Amino acid sequence: MVVGPDVIRNVEDADFEAVDALLRAAFGGADEANLIRRLRADGDMWFEWQTPWHGEMAGYLAVSRMRAPQGWGCLAPVAVRPEWQRGRLVELYGHTVVPATGADARYPWRIGSRLISMLRHLIDDRLSMQNADLPSTLVVLGEPSFYERGGFSLAQTQGLTSPYPLSHTLLLRGDDDVPEETLVYPAAFDAN
């Protein structure tokens, strides 16, 4: 049985071209790749992770620093190679892989879900360790059904003011309060 990618590692300078190619393929254009380049150039990138598998970048996520509130991070984008999205791997390296079903539906083939799960654990650890080098809260603009499975909350955003629709804005934080804050995204988001 083929096992899906389990490794999460930091993105290094040598990985930037692979990140660019993955983002262009996953989103069908250059917008997200341009966003990442601008976040890096502006010094707003907090961290970037990738999931390698069989010598290729299978998945990617980036967390940048929000301009406000202080200490909050913005998750964007999360990308998975198109042929591996939605838990499916097809005709991989000479053999057919059938997506997992039932209790295994999220593992081993859910690369995006694994990245989000690792991120949730990072935030949980940050709160227990009082680590100021990590975001206190993560904001994401995306599909609620996907991000809620990873621990993000749509309900917690209802006190926020945002330039983006609150119907698709979610938070990941260590408590269940409803903060009343104004979201100010990094300048790179203004260009996209």
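Is Val11 buried or exposed, and what is its relative accessible area? In this predicted model, Val11 has a relative accessible area of 12%. Because buried means under 20% relative accessible area, Val11 counts as buried. The residue is placed in the loop between β1 and α1. Its contacts, leaving aside residues up to four places away in sequence, are Phe16, Val19, Glu48, Trp49, Gln50 and Tyr60. A further link along the chain is given by Leu61, which is 50 residues from Val11 in sequence, with the two C-alpha atoms 9.4 Å apart.

A second residue of this loop also repays a look. Asp15 lies between β1 (9–10) and α1 and is buried, at 11% relative accessibility. Beyond residues up to four places away in sequence, Asp15 touches Arg9, Asn10, Gln50 and Met57. Gln50 thus appears among the contacts of Asp15 and also among those of Val11.

The setting for these residues is a chain of 192 residues, of which 45% are buried. Its secondary structure amounts to 4 helices and 6 strands, and the order of elements from the N terminus is β-α-α-β-β-β-α-β-α-β. Of the contacts between residues at least 6 apart in sequence, 57% connect residues at least 24 apart.

The helices α1 and α2 follow the loop that holds Val11 and Asp15. Helix α1 spans residues 16–27 and helix α2 residues 31–42; their axes come within 8 Å and cross at roughly 145°. On the α1 side, the contact is made by Phe16, Val19, Asp20, Leu23, Arg24 and Phe27, and on the α2 side by Glu32, Ala33, Asn34, Ile36, Arg37 and Arg40. Sorted by class, this contact comprises 6 nonpolar, 1 polar and 5 charged residues. Within it, one pairing can be described at closer range: Arg40 lies over the face of Phe16, at 3.6 Å from the ring centre. Phe16 and Val19, both part of the α1 side, are also touched by Val11.

Aromatic residues offer another view of the model, with 5 aromatic pairs in the structure. A pair of aromatic rings is described by the distance of the centres and the angle of the planes. For Phe47 and Trp49, the ring centres are 5.3 Å apart and the planes stand at 35°, so this pair is tilted. Both of these residues are buried, and Trp49 is one of the residues in contact with Val11. The pair of Tyr185 and Phe189 is likewise tilted, because its planes are at 55°, with the centres 5.4 Å apart. Tyr185 is buried at a relative accessible area of 4%, and Phe189 is buried at 11%. Elsewhere, Phe146, Tyr147 and Phe152 come together in one aromatic cluster.

Tyr185 leads on to Ser162, which it touches. Ser162 is located in the loop between α4 (144–149) and β6 (169–173). Besides Tyr185, its contacts include Thr169 and Leu183, when residues up to four places away in sequence are not counted. Val184 is 22 residues from Ser162 along the sequence, and the distance between their C-alpha atoms is 7.4 Å. Closer in sequence, the side chain of Ser162 reaches the backbone nitrogen of Tyr164 at 3.1 Å.

Definitions and conventions
Residues numbered from 1 in each chain as written. Predicted model: local features only at pLDDT ≥ 70, side-chain atom pairs only at ≥ 80, totals over all residues. Heavy atoms only, no water. Axes fitted to C-alpha atoms, helices over the stretch in contact; angles between N-to-C directions. Helix = DSSP H or I, 4+ residues; strand = E, 2+ residues; numbered from the N terminus. Contact = heavy atoms within 4.5 Å. Nonpolar A, V, L, I, M, F, W, Y, C, P; charged D, E, K, R; others polar. Phe/Tyr/Trp six-rings, centres within 6.5 Å; stacked < 30°, edge-to-face > 60°. Buried < 20%, exposed > 50% of the residue type's maximum accessible area, 1.4 Å probe, protein only. Lys NZ or Arg CZ within 6 Å of the ring centre and 35° of its normal. Polar contact = N/O pair within 3.5 Å; in protein donor to acceptor, adjacent residues only side chain to side chain.
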